[in-house]
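Visitor: Please take one part of this protein and look at it closely, after a few words on the whole.

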Amino acid sequence: MINAKITGIGGYVPEKIYDNAYMESIVDTSDEWIVRRTGVKERRISADDEYTTDMATKAAKKALENAGLGAEDIDLIILATVTPDYFTPSCACVVQRNIGAVNAAAFDYNAACSGFVTGLIIAKQFIQTGMYKNILIVCADTLSKATDYTDRATCVLFGDAAGAAVVSASEEEGIMTTDMGADGTGALSITSLAYRNDDEEIEKRVAHRKDTIWMAGQAVMKFAVKAMADASNKVVREAGLTWDDISLVVPHQANYRIVDSAIKRMGITEDKVYLTLEKYGNTSASCIPVALSEAVEKGRIKKGDNIVLVGFGGGLTWGAALIRW
Ligand code: UT7
């Protein structure tokens, strides 16, 4: 069996920062509420003329450099976003052009915040069948452009970022056990409208804007804790390992309370968890690759380490992967 392994990783965040003092100045909130209920202190915000594919291209280039590959070595680009520049072309095709990946097929997919782990699972299939050798996964979102900054329940949570990884055929073990799933009964718990003209959905939005994200926060939180814990426990168990064998967990960074409750169900403590939540907030699918990239740079991850990546998000969806670095 051919193994699929992450051979390069890269992250990008824009320079502009909205800190909690700024959030206090635009909505009825407080630093104390935001930190206690979410754990977020700052979020990064894209420039007015900086779009999803611009950030995606920067992260993609970093991942390629980190993998020591040229763009022409990539066979497939898959890109996860809920804030695409266009419905067509796909953002993946724009990134393919921007980096000059002339040999790559390219498509976008939508698993919301579960996008990175879903991408690893997609990449693993293409590699294990022998169809492709090098796949570039890119996760990028300009959530700030889809955020209603009059809605205090959502605007304090989101930020912008992009993260990318190269997954290659390898003799070494890489992406080991995985789990992904969906619960469409919760489909309307997080919504962002496309062509659907749905009065009920539009009325839910504070400013009645069609183009913003709406969320039933509590319902998502309840789903997230169970989904993250169950999926993580499953990938560890199915690998024949225990939590003692796992060096680090890199979770989706939506809310500190979600992470805290989920890790209690896994029976682990926070020293095994890598968090970027405080400085970037929830950046959708890019949370995990941005955090992973930073953890590698900071020496928190070493060759041979077993790492659990776990995400959840709109759909509702979830995904977990146990990877060997
Ligand atoms: O990536 C995946 C997607 N999303 C998530 O994972 C989000 C999951 N959900 C959450 O993180 C939390 O549900 C939130 C952070 C969104 C909200 O926290 P909560 O503890 O569930 O608060 P709540 O919605 O029950 O609201 C409690 C109170 C309400 O006031 P009243 O009705 O009790 O007077 C809200 O209006 O907190 C109020 N509130 C705020 N107060 C100050 C909501 N947002 C704010 C705010 N500042 N920013």
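Guide: Of the 325 residues in the protein, 57% are buried, in what is a predicted model. The secondary structure comes to eleven helices and 13 strands, and the radius of gyration is 19 Å, close to the 20 Å that the globule rule gives for 325 residues, so the protein is as compact as a globular protein of that length. Measured out along its principal axes, the C-alpha trace spans about 55 × 45 × 35 Å. Among the contacts with a separation of 6 or more, 76% come from residues 24 or more positions apart.

The part to look at closely is helix H11, together with the loop that comes after it. Helix H11 covers residues 287–297, and nine of its eleven residues are buried, so the helix is largely enclosed by the rest of the structure. The buried residues of H11 are Cys 287, Ile 288, Pro 289, Val 290, Ala 291, Leu 292, Ser 293, Glu 294 and Ala 295. As background to reading such a list, an α-helix has 3.6 residues a turn, so residues three or four places apart point the same way.

Beyond the helix, the chain enters the loop between H11 and strand E12, which spans residues 306–313, and Gly 299 is found in this loop. The phi of Gly 299, which follows H11, is positive, near 75°. With a relative accessible area of 34%, Gly 299 is partly exposed, because that value lies between the 20% under which a residue counts as buried and the 50% over which it counts as exposed. Looking back from the loop into the helix, the C-alpha atoms of Gly 299 and Ile 288 are separated by 16 Å, the two residues being eleven apart along the chain; Ile 288 is itself one of the buried residues of H11.

For a second view of helices in this model, one can turn to H3 (residues 52–67) and H4 (residues 91–99), which pack at an angle of about 55° with their axes 9 Å apart. That angle makes H3 oblique to H4, and the crossing of the two helices is right-handed. On the H3 side the contact is made by Thr 52, Thr 53, Ala 56, Thr 57, Ala 60, Lys 61 and Leu 64, and on the H4 side by Cys 91, Val 94, Val 95, Asn 98 and Ile 99. By character, the residues of this contact divide into seven nonpolar, four polar and one charged.

Conventions:
Residues numbered from 1 in each chain as written. Predicted model: local features only at pLDDT ≥ 70, side-chain atom pairs only at ≥ 80, totals over all residues. Heavy atoms only, no water. Axes fitted to C-alpha atoms, helices over the stretch in contact; angles between N-to-C directions. Helix = DSSP H or I, 4+ residues; strand = E, 2+ residues; numbered from the N terminus. Parallel < 35°, antiparallel > 145°, perpendicular 65-115°, else oblique. Left-handed = near helix turned anticlockwise from the far one by under 90°. Contact = heavy atoms within 4.5 Å. Nonpolar A, V, L, I, M, F, W, Y, C, P; charged D, E, K, R; others polar. Rg over C-alpha atoms; globule rule 2.2 N^0.38 Å. Buried < 20%, exposed > 50% of the residue type's maximum accessible area, 1.4 Å probe, protein only.
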